[in-house]
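Reader: I should like to learn how to read the features of a structure that is new to me. May we go through them one at a time?

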Amino acid sequence: MATGIASGSGQLHLRKPVYWRSSYGKAHCHSNAILNGMQNQIPWSYWVSKFLRVHRSNYSQCQVKTNWKSHTGTINSCQRDGSTRYFDFAVIGSGIAGLRYALEVAKHGTVAVITKAEPHESNTNYAQGGVSAVFCPMDSVESHMQDTIVAGAYLCDEETVRVVCTEGPERIRELIAMGASFDHGEDGNLHLAREGGHSHRRIVHAADMTGREIERALLEAVFKHPNIHVFQHHFAIDFLTTQDRSDIICHGVDAINTETQEVIRFISKVTLLASGGAGHIYPSTTNPPVATGDGMAMAHRAQAVISNMEFVQFHPTALADEGLPNRPSARENAFLITEAVRGDGGILYNLDMERFMPMYDKRAELAPRDVVARSIDDQLKKRGEKYVLLDISHKPREKVLSHFPNIAAECLRHGLDITQQPIPVVPAAHYMCGGVRAGLEGETNVQGLYVAGEVACTGLHGANRLASNSLLEALVFARRAVQPSIDHVNVSRIDHCASSWWPRPVAPVVIGDTVLNKVIRRTREVRKELQSIMWEYVGIVRSTSRLTAAEKRINELELEWETYLFQHGWEPTMVGLEACEMRNLFCCANLVVSSALSRHESRGLHYTIDFPHVVESKRLPTIIFPSQRNSSWSSRQLHRQQIC
């Protein structure tokens, strides 16, 4: 049975949870069933933080019960014991959230930054548009808040929105002080762009390569810091947790070095999860190949609370390769055409050069992303076409090239001059508005585990993320998680025998290269099948029958794949990049489908033809609670120790 969010505490006055079914062996609960009369009077950040404080208050007792020995204070250097490393802080992910956090906590202890590929390979690096914040005298925090809440279909947590919009400008000033270079106007002030859903110009940017510039500045500082150790090509497998009654405690993470196949155990006092999103549950995504939902799946297996997974943002304008004069070879991820193109006056046309956005929304091309993506999807289905056109060629050539040099170069590489011709575009999976539920300091219901960035669900985005709010949220919450993390480190102790508490994962070398290659080939085929199911049945427009069909087909496919693995000698403790990514993709796909089935209304990014209207009584987040049942390898945590 699923565990309610404050089960046993007696302090949140919860009703008995009403569970909604899941065919992959987990009970789920919609928050509408557990908020005892609170509805919208008390913001989510209040009761999430209250719940987490209740659990943290028991932590000192838990230390005694888990027998942690007397190693207090910070670890002065990276300590290692064979294939185990000991750190004060472990950071999973090397995007803006993970790096910004690492630089702050490194002032107080040793830090391991564990990253799946090259350190720069993150969603941050691919972010084109910029960071939204109030710098214009004619703008205001209240206006930014209102734009965020409207775009989020009024599902945003107002307290979280206020915190992010208020603290955002200072976080950007810190980036500038660290060496990040953003565009300035002729008056010497920051050049501010405008994007869909924003009522003012407030997008701080570095041409159309903002994320790359931020990543460059942060990595440069990280590599210079003596307390930070970067472990590249280390794929995080599962958290190392113990359970004391209702308390789950995180002690670090296991990771596999994908170049040597060695499994490395990271024991840490605090872990920050900043692993990004899950765009690759779909066949076309703007996310880099590393975005396979690893952090969300790991956290779910470790009993963390998950929220709002039905809200998958499809960016309306990814480059449609089929419409280019010289079609490129297959890409691992779709090339993004930033929102700022529409913000600078880009116009959307169908293939007959008919402008269509005014028919769908009075804001036309400046409508929020969910509206634009659904409008494009409707045009494509009605007309039987594969892409629409985004035209910026009516703007001065010099302005287009100076604002969008990266996009212009990519299109020109394939024979298209955006200063003369419209750009073929199509929606692609872009951003997960849901994730691991976090309080106002990035805390989770798992003690010692904090989250920031796309993997987290803070309440900022609601049912649809406002353009350029993602980098802002990552900066703000990475910074807000610092002090509680330091406090946690200062009262925590590391037992150097802890490494033996959990059995170690192993690389599948015993099954032999021939069999392993067969398993990898089949896994890649299954991955494409899953992506196809998600796009066909769980895309921009949904229905109950199609979601139910997706749930059935996904579970059949998962069972078939796992059966294939174990028939070929795979063992539950075996780990490899392709297999572990696949189980994470299955986990995230199931979370999205189950959450979508639970929301009986259309709100923001979740649009279903069976419940086409917004229902005020359902203006609450969906929540997936921890479960003690594990029905498959994909949903089972490899290592957890029960403390009696």
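Author: Let us begin with the overall content. This is a predicted model, and its chain contains 18 helices and 23 strands.

Reader: What share of the residues of the chain counts as buried?

Author: Of the 644 residues, 64% are buried. The accessible surface of the chain amounts to about 22900 Å², and carbon and sulfur atoms account for 51% of that surface. As for contacts between residues at least 6 apart in sequence, 76% of them link residues at least 24 apart.

Reader: How should a sheet be read, and in which order do the strands β6, β7 and β8 stand?

Author: In general, the strands of a sheet pair through backbone hydrogen bonds, in either a parallel or an antiparallel manner. Here, three strands make up an open sheet with the order β6-β8-β7 and antiparallel pairing. β6 (131-132) and β7 (192-193) are at the edges with a single partner strand each, so one side of each has no neighbour in the sheet. Between β7 and β8 (residues 203-204) there are two bridges, and Ala193 lies opposite Ile203 in β8.

Reader: At what angle do helices α6 and α14 pack?

Author: Helix α6 (residues 158-177) packs against helix α14 (residues 469-480) at about 90 degrees, and their axes are 8 Å apart. Angles of 65 to 115 degrees count as roughly perpendicular, so α6 is roughly perpendicular to α14. Residues in this contact include Val163, Arg171 and Leu175 of α6, together with Leu472, Phe477 and Arg480 of α14. By class, the contact comprises eight nonpolar, two polar and six charged residues.

How values were computed: Residues are numbered from 1 along each chain as its sequence is written. This is a predicted model: local features need pLDDT of at least 70, side-chain atom pairs count only at pLDDT 80 or more; totals for chains, interfaces and linings use all residues. Side-chain values use heavy atoms; hydrogens and water are left out. Two strands pair if DSSP finds at least two bridges between them. Helices (H or I, at least four residues) and strands (E, at least two) are DSSP runs, numbered from the N terminus. Buried means under 20% relative accessible area, exposed over 50%, partly exposed in between (1.4 Å probe, protein chains only). Contact means heavy atoms within 4.5 Å. Accessible areas come from the Shrake-Rupley method with a 1.4 Å probe; for residues, only the protein chains shown count as cover. Axes are lines fitted to C-alpha atoms, for helices over the stretch in contact, and angles run from 0 to 180 degrees between N-to-C directions. Angles under 35 degrees count as roughly parallel, over 145 as roughly antiparallel, 65 to 115 as roughly perpendicular and the rest as oblique. Ala, Val, Leu, Ile, Met, Phe, Trp, Tyr, Cys and Pro count as nonpolar, Asp, Glu, Lys and Arg as charged, and the others, Gly among them, as polar.
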